[in-house]
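Let us walk through this model from the whole chain down to single residues. Keep the sequence and the coordinates in view as you read.

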Amino acid sequence: YDFISRFVIELDYAKQVMTLHDPKTWTYSGKGFIVPITFDVGIPFTHGTISVGDKKNIPGFFVIDFGAMETMTLTSPFVKANDLLNLAASNSQVNRPAGLEKQFFAQNNVRGRIDQLALGEMSAHSIPVNLSVNATGAYASPNFSGTIGETLYRRYHIFIDYAGQRVIFEPTAEA
C-alpha cells in the first residue's frame with residue numbers, strides 16, 4: 001500500500017505490463033466501469049454480491065487482492081452464515097497447503113463453485129472458489145466476506161486509483 005498508493009496503477013494483463021501514473025495529472029477517459037473501494041489499514045475493500053443455487057444476491061464485503069493467484073476465498077463465518085458448504089461445495093476434502101500452518105493467512109479450504117459474482121457492473125459466472133473452514137486467522141474473521149483474486153481481474157484492463165478510492169475495469173475479450 002505504501003508504494004502503490006502513490007500512483008494510479010494500470011495493469012495490462014494481456015501484455016504483462018504495469019504502468020505507474022502520477023495521480024495529480026492522470027485522468028481517465030476510457031469506457032470502463034468503476035468499482036468504489038474503501039480502506040482498512042491500507043487494504044482495499046468493496047461491496048458486491050454472490051449467487052449460488054436458489055440464494056440470489058447475497059451481499060458481501062470483499063478484499064480486492066491483486067496479489068492473490070486465485071478467484072475467490074470466502075471466509076468461514078460467511079460460508080457458515082450462507083450455508084455455502086451445502087450449496088456450493090464441489091469437493092468435501094479439506095485442502096491444507098503445507099508450510100502455511102502458523103501464518104495469519106493460512107488456509108483450510110473446501111473447493112466449491114458459485115453461480116455469479118457481481119461487483120458494480122462486473123459480473124462473472126460459474127466461478128470456482130475456496131470455501132474456508134478455518135477456525136483461526138484471517139479467513140475466520142467475521143469482519144469481511146472473503147478475498148477476490150487476480151484470476152478474475154486478469155480478464156480486464158485495470159486502473160487502480162487509490163487516491164480516487166476506485167478501481168476501473170475495462171472489459172477485454174476474455175471478460
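Strands here are DSSP runs of E with at least two residues, and they are numbered from the N terminus. By that count, strand β1 covers residues 8-12, and glutamate 10 sits in it. The model is predicted. We will come back to glutamate 10 after a look at the whole chain.

The protein chain holds three helices and 13 strands. Its radius of gyration is 16 Å, close to the 16 Å that the globule rule gives for 175 residues, so the chain is as compact as a globular protein of that length. Along the principal axes, the C-alpha atoms fill a box of roughly 50 × 35 × 25 Å. Of the 175 residues, 45% count as buried. The accessible surface comes to about 9,500 Å². Carbon and sulfur atoms account for 52% of that surface.

Contacts tell us about the chain's path. Take the contacts between residues at least 6 apart in sequence: 59% of them join residues at least 24 apart. Charge is next. The chain carries 14 positive and 16 negative side chains. The centres of these two sets lie 4 Å apart.

Now return to glutamate 10 in strand β1. Is glutamate 10 buried or exposed? Its relative accessibility is 17%, so it counts as buried; the cut-off for buried is under 20%. Beyond its neighbours within four places in sequence, glutamate 10 is in contact with Val17, Met18, Thr19 and His21. Its contacts also include His157, Ile158 and Phe159. Valine 133 is another matter. It is 123 residues from glutamate 10 in sequence, and the two C-alpha atoms are 35 Å apart in space.

Valine 133 also appears among the contacts of serine 76. Serine 76 belongs to helix α1, residues 76-81. At 13% relative accessibility, serine 76 counts as buried. Setting aside residues up to four places away in sequence, it touches Ser132, Val133, Asn134, Tyr139 and Ala140.

Ser132 lies within the span of strand β10, residues 122-132, which also holds asparagine 130. Asparagine 130 is buried, with a relative accessible area of 8%. Which residues does asparagine 130 touch, not counting those up to four places away in sequence? One stretch of its contacts includes Glu70, Met72, Thr73 and Leu74. The list also includes Gln107, Asn109, Val110 and Arg111.

Strand β6 comes next. It spans residues 55-64, and asparagine 57 is found there. Lysine 55 is in β6 as well, and so is lysine 56. Lysine 55 is partly exposed, with a relative accessible area of 28%. Lysine 56 is exposed, with a relative accessible area of 54%. Leaving aside neighbours within four places in sequence, lysine 55 is in contact with Ile50, Ala81, Asn82 and Leu87. On the same terms, lysine 56 is in contact with Ile50 and Ser51. Each lysine has a partner 59 residues away along the chain. For lysine 55 and isoleucine 114, the C-alpha atoms are 10 Å apart. For lysine 56 and aspartate 115, the separation is 9.1 Å.

Backbone angles deserve a check too. Most residues other than glycine have a negative phi. Asparagine 57 has a positive phi, near 50 degrees. Glutamine 16 has a positive phi as well, near 55 degrees. Glutamine 16 is found in the loop between β1 and β2. At 75% relative accessibility, glutamine 16 counts as exposed.

Aromatic rings close the tour. A pair of rings is described by the distance of the centres and the angle of the planes. With a centre distance within 6.5 Å as the rule, the count comes to 16 aromatic pairs. One of them joins phenylalanine 3 and phenylalanine 7. Their centres are 5.2 Å apart, the planes meet at 50 degrees, and the pair is tilted. Phenylalanine 3 counts as partly exposed at 45% relative accessibility. Phenylalanine 7 is partly exposed too, at 23%. Elsewhere, ring pairs link Phe33, Phe66, Tyr153, Tyr156 and Phe169 into a cluster.

Terms used:
Residues numbered from 1 in each chain as written. Predicted model: local features only at pLDDT ≥ 70, side-chain atom pairs only at ≥ 80, totals over all residues. Heavy atoms only, no water. Helix = DSSP H or I, 4+ residues; strand = E, 2+ residues; numbered from the N terminus. Rg over C-alpha atoms; globule rule 2.2 N^0.38 Å. Buried < 20%, exposed > 50% of the residue type's maximum accessible area, 1.4 Å probe, protein only. Contact = heavy atoms within 4.5 Å. Areas by Shrake-Rupley, 256 points an atom, 1.4 Å probe, with all protein chains shown as cover. Lys, Arg positive; Asp, Glu negative; His and termini not counted. Charge placed at Lys NZ, Arg CZ, Asp CG, Glu CD. Phe/Tyr/Trp six-rings, centres within 6.5 Å; stacked < 30°, edge-to-face > 60°.
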